[in-house]
Amino acid sequence: MTVLELAIFFVVYRAMQPIGIDDLADTLAGWFDCPIAPDIIATAVGDMVGQGWLVMIAGALLPAEAGRRAARTLIGGIVEMLDHGTRLLDVALMMAVLRLTKEELDHGDGHH
């Protein structure tokens with residue numbers, strides 16, 4: 001899972017209902033503070049559907065269990081990577097946020 005795919009998964013996972021590509025693109029543009037070409041998003045989404053990380057139903061995206069597991073593993077890796085000797089001033093805050101995100105993915109949630 002790439003950084004873009006992880007971001008896509010989180011947008012879909014946190015959406016309260018199935019989300020379309022346009023809303024996904026708007027959210028990602030805000031997160032990355034730049035526009036992202038629709039073909040890049042469409043390619044990544046297609047790959048993620050192919051991997052079983054997302055499900056496309058009637059043009060809208062839903063998270064899949066395999067995607068939750070893959071994202072959780074990556075977040076766990078990021079936590080460990082930052083925790084080992086970086087000595088960054090903001091590492092404690094980053095760790096807290098990433099641990100909350102990891103916990104969010106630990107068991108999934110009931111609305112998906």
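Is Gln17 buried or exposed? At 60% relative accessibility, Gln17 counts as exposed, because the cut-off for exposed is over 50%. Bear in mind that this is a predicted model.

Gln17 sits in the loop that joins H1 and H2. Its C-alpha atom is 9.0 Å from that of Ala60, although the two residues are 43 apart along the chain.

Next, helix H3, residues 38-51. With 14 residues at 1.5 Å a residue, H3 should span 20 Å, and its end C-alpha atoms are indeed 20 Å apart, so the two figures agree.

Which residues of H3 are buried? They are Ile41, Ala44, Val45 and Met48. Seen down the axis of H3, these buried residues fall within an arc of 100°, so they line one face of the helix. The general background is that an α-helix has 3.6 residues a turn, so residues three or four places apart point the same way.

What do the buried residues of H3 pack against? Two helices, H1 (3-14) and H2 (21-32), and two strands, S1 (54-57) and S2 (60-63). On the face of H3 turned away from the buried side are the exposed residues Asp39 and Gly50. After H3 comes Gly52, with a positive phi near 85°.

Last, the surface. Val3, Trp31 and Phe32 make up a nonpolar patch there, and together they have about 330 Å² of accessible area. Trp31 belongs to helix H2. With a relative accessible area of 45%, Trp31 is partly exposed, because it falls between the cut-offs of 20% and 50%.

Definitions and conventions: Residues numbered from 1 in each chain as written. Predicted model: local features only at pLDDT ≥ 70, side-chain atom pairs only at ≥ 80, totals over all residues. Heavy atoms only, no water. Helix = DSSP H or I, 4+ residues; strand = E, 2+ residues; numbered from the N terminus. Expected span 1.5 Å × (residues − 1). Buried < 20%, exposed > 50% of the residue type's maximum accessible area, 1.4 Å probe, protein only. Arc of directions from axis to C-beta. Contact = heavy atoms within 4.5 Å. Patch = residues over 30% accessible without salt bridge, like charges linked within 9 Å, V, L, I, M, F, W, Y side chains within 5 Å. Areas by Shrake-Rupley, 256 points an atom, 1.4 Å probe, with all protein chains shown as cover. Salt bridge = Lys/Arg side-chain N within 4 Å of Asp/Glu carboxyl O.
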